[in-house]
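Work through the exercises below with the coordinates open. Each one sets a task and then gives a solution in steps.

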Amino acid sequence: MTFRIPLNVATYCAERDTSLVAILGEGKDGSVYETDAGSAVKLHHAREVYERERDAYFRLLKRNVRFVRDLAIPKLLQHDDEFLILELTIVAPPFLLDFASAYLDEPPDWPEDVVEHWHEQLRERFEDRYGDVVGILAELEEQAGVHLFDVHADNLKFDPS
């Protein structure tokens with residue numbers, strides 16, 4: 001293993017008799033590791049972000065939302081409120097993941113120019129798939145009441161074929 005393992009992740013894994021085999025990604029909200037059990041462990045940097053993502057996954061579980069259109073959504077396996085860790089299934093493209101920026105039931109009350117700028121970013125990021133992305137996000141809202149805003153090619157991947 002050639003990556004540094006934070007103490008709380010090491011403790012979490014030791015308590016579950018599992019170990020880390022790879023780092024899957026690092027971002028503004030946390031780091032994601034693959035376990036030898038074939039799951040993903042996400043360590044969050046801040047409690048507010050952890051709770052936002054945890055609650056989104058609780059909602060997805062409660063409403064049994066595992067796919068939006070053909071995009072797979074990770075399933076919450078376990079969580080640890082002390083260590084700010086979520087353990088999730090690993091999904092392959094096409095997928096929708098990373099709910100750290102999600103809001104439940106109501107979107108944030110952003111000014112219209114902020115919303116327009118967000119849509120401009122989506123158009124730039126997804127180009128000819130922009131309409132698909134907007135439809136996917138609308139379906140996620142309809143199925144689970146989850147409003148997702150951190151949407152880019154790393155967390156919304158279409159079928160690679």
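**Exercise 1: Rings and charges**

Task: find which ring Arg 129 lies over, and characterise the ring pair to which that ring belongs.

Solution. Arg 129 lies over the face of Phe 158, at 3.7 Å from the ring centre. The criterion for a charge over a ring is NZ of Lys or CZ of Arg within 6 Å of the ring centre and within 35 degrees of the ring normal. The model is predicted: local features need pLDDT of at least 70, side-chain atom pairs count only at pLDDT 80 or more, and totals for chains, interfaces and linings use all residues. Residues are numbered from 1 along each chain as its sequence is written, and side-chain values use heavy atoms, with hydrogens and water left out.

Next, take the ring pairs. A pair of aromatic rings is described by the distance of the centres and the angle of the planes. Rings of Phe, Tyr and Trp (its six-membered ring) pair if their centres lie within 6.5 Å; planes under 30 degrees apart count as stacked, over 60 as edge-to-face and the rest as tilted. The whole structure yields six aromatic pairs. For Phe 126 and Phe 158 the centres are 6.4 Å apart and the planes stand at 85°, so this pair is edge-to-face. The two residues are 32 apart in the chain, with Phe 126 in helix 3 (residues 112–126) and Phe 158 in the segment after strand 11 (156–157). Helices (H or I, at least four residues) and strands (E, at least two) are DSSP runs, numbered from the N terminus.

Last, check exposure: Phe 126 and Phe 158 are both buried, where buried means under 20% relative accessible area, exposed over 50% and partly exposed in between (1.4 Å probe, protein chains only).

**Exercise 2: The surroundings of Asp 98**

Task: locate Asp 98 and list its contacts.

Solution. Asp 98 sits in the loop between strand 8 (95–96) and strand 9 (103–104). Its relative accessible area is 17%, so Asp 98 counts as buried. Leaving out residues up to four places away in sequence, Asp 98 touches Asp 29, Lys 42, Glu 53, Tyr 57, Leu 148, Asp 150 and Asn 155; contact means heavy atoms within 4.5 Å.

Now the polar contacts, that is, pairs of N or O atoms within 3.5 Å; within protein, one must be able to donate a hydrogen and the other to accept it, and residues adjacent in sequence count only if both atoms are side-chain atoms. The side chains of Asp 98 and Lys 42 make one of 3.1 Å. A polar atom of the Asp 98 side chain also lies 3.3 Å from the backbone nitrogen of Ala 100.

**Exercise 3: The strand that holds Lys 42**

Task: describe the burial and pairing of strand 3 (residues 39–44).

Solution. Six of the six residues of strand 3 are buried, so the strand is largely enclosed by the rest of the structure. Ser 39, Val 41 and Leu 43 point one way, while Ala 40, Lys 42 and His 44 point the other way.

For pairing, DSSP must find at least two bridges between two strands. Strand 3 runs antiparallel to strand 2 (residues 30–35), with five bridges; one of the bridge partners is Val 41, opposite Tyr 33. Three residues separate these strands in a hairpin, and Gly 38 in the turn has a positive phi of about 85°. Five bridges also join strand 3 to strand 7 (residues 85–89), again antiparallel, and Ala 40 has Leu 88 as its bridge partner there.
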